[in-house]
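Visitor: Please pick one part of this model and take me through it closely. I would like to see how it fits in with the rest.

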Amino acid sequence: MMMRSVLTATLAAAVVIAGTVPAEGVGRTAKPKVVVIGTGGTIAGAAESRVSFESYRPGRLPVADLVKDLQPEVGEIADVSVRDFGGKGSTDYTLADYHDLSRLVDRQLAAADAVVVATGTQTMEELAYWLDLTVRSPKPVVLTGAMRPWTAIGSDGPPNLYNAIRVAAGRRTRCFGAVVTLNGEIFAAREVTKTSTQRPDTFAAPETGRLGSIGDQGVTLLSTPARTCVKTPFDLSKISRDKLPRTEIVYTYAQAGGEPVKAFADAGVKGLVFAGTPSPGQFEQAQAAAKKGMVLVAANRNTSGAVHPDMPGVIAAQDLHPQKARLLLTLSLAAARDPRQVAELFAEYGTPQAPGDRS
Ligand code: ASP
């Protein structure tokens, strides 16, 4: 598997750059059409040695090679085609790139039944949540990655990609928004977070648990996300990729100074998320910045539970983690008329409620 990937990388890259190509050995019957979009990350990583589990270069292998390594098995469950979006580590992508990726996913879903995005794990939860908020199609969007490079002995890349294609091909997560699957588990984009920098069982949803699991018997779905079939107001065809408002995160801790808040305000940042409840020094600077138009959000810096800071003008992100609250803030600032509307968008889309009987 490893040698074939590395040796065919150059040839495959030349083919993939030309656009969507059918994966080898895939049938022309009525199997579900799944497009696998590669962005790089560890799953596409390669190392000199097969026992380099943590030292490797991410994003070296074209996604076509990864899919080819899974033939013929993957061709038995789906009609797979591939697109290379990029070959970088996940933290190298910008929100303008995220905007492009969402549009690409929607374009692919116009013809395909489902999309898989193979990407880096470090910011996977951010990309998943961005896609959750912005993709217009209700068809399944499944993200996956790996904690060990594709070339390592016992890499989790091949089973993770195979399982992601299985989840996508099954189409049972239609209307779930984006889901993340690694290590045989399926998680909702809003809930999932990376917990370990090293272990393959890194992803968890501390507040709600997993949506389901994948085993030899197939996909077992145990619950649905609260946001089922939601179409958000964040229509990227109406939001310019080059004019996304700048937003930042400031971490909170005992006696945190307010200088970074002032520096961000002076740099033209339009929205600020506090990871935790701001210290007095941070809050003082934040109030001054808010008078000049900066919108403030407080999010949970801990693993689970919600924040409700009793601070005038600070929007509570509930249990949304800071890195996701920042994405919602970016999109809300782009779509809203004023801070009050940003707060309304947070209430409605930041913490969607399950459709229970509220009488
Ligand atoms: N540094 C890697 C990234 O692109 C880690 C990974 O892919 O798992 O996020």
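Guide: What follows is a close look at helix α9 and its surroundings. The model is predicted, so local features need pLDDT of at least 70 and side-chain atom pairs count only at pLDDT 80 or more, while totals for chains, interfaces and linings use all residues. Residues are numbered from 1 along each chain as its sequence is written, and side-chain values use heavy atoms, with hydrogens and water left out.

Start with the length. Helix α9 runs over residues 322-335, which is 14 residues. Helices here are DSSP runs of H or I with at least four residues, and strands are runs of E with at least two, numbered from the N terminus. The expected span is 1.5 Å times one less than the number of residues. For α9 that gives 20 Å, and the end C-alpha atoms are 20 Å apart, so the two agree.

Now the cover. Of the 14 residues in α9, 10 are buried. Buried means under 20% relative accessible area, exposed over 50%, and partly exposed in between, with a 1.4 Å probe and protein chains only. Among the buried ones are Leu 327, Leu 328, Leu 329, Leu 331 and Leu 333. Lys 324 is on that list too, and so are Thr 330 and Ser 332.

What covers them? The cover includes helices α4 (95-109), α5 (124-134) and α10 (339-350). Strands β12 (247-251), β13 (271-275) and β14 (295-299) also take part. Contact here means heavy atoms within 4.5 Å.

Next, step back along the chain. The loop between β15 (314-316) and α9 holds Asp 319. The side chain of Asp 319 meets that of Arg 190 in a salt bridge, at 2.6 Å from N to O. A salt bridge is a side-chain nitrogen of Lys or Arg within 4 Å of a carboxyl oxygen of Asp or Glu. Arg 190 sits in the loop between β7 and β8 (193-194), and the pair links parts of the chain 129 residues apart. Asp 319 counts as buried because its relative accessible area is 18%. Arg 190 is buried as well, at 11%.

Strand β7 (residues 185-188) brings in another pair. Its Glu 185 forms a salt bridge with Arg 210, with the closest N and O atoms 2.7 Å apart. Arg 210 lies in the loop between β9 (203-204) and β10 (212-215), so this pair ties together parts 25 residues apart in sequence. Glu 185 is buried at 14%, whereas Arg 210 is partly exposed at 40%.

Finally, the whole chain. There are 10 helices and 15 strands. Buried residues make up 55% of the 359 residues. The structure holds 11 salt bridges.
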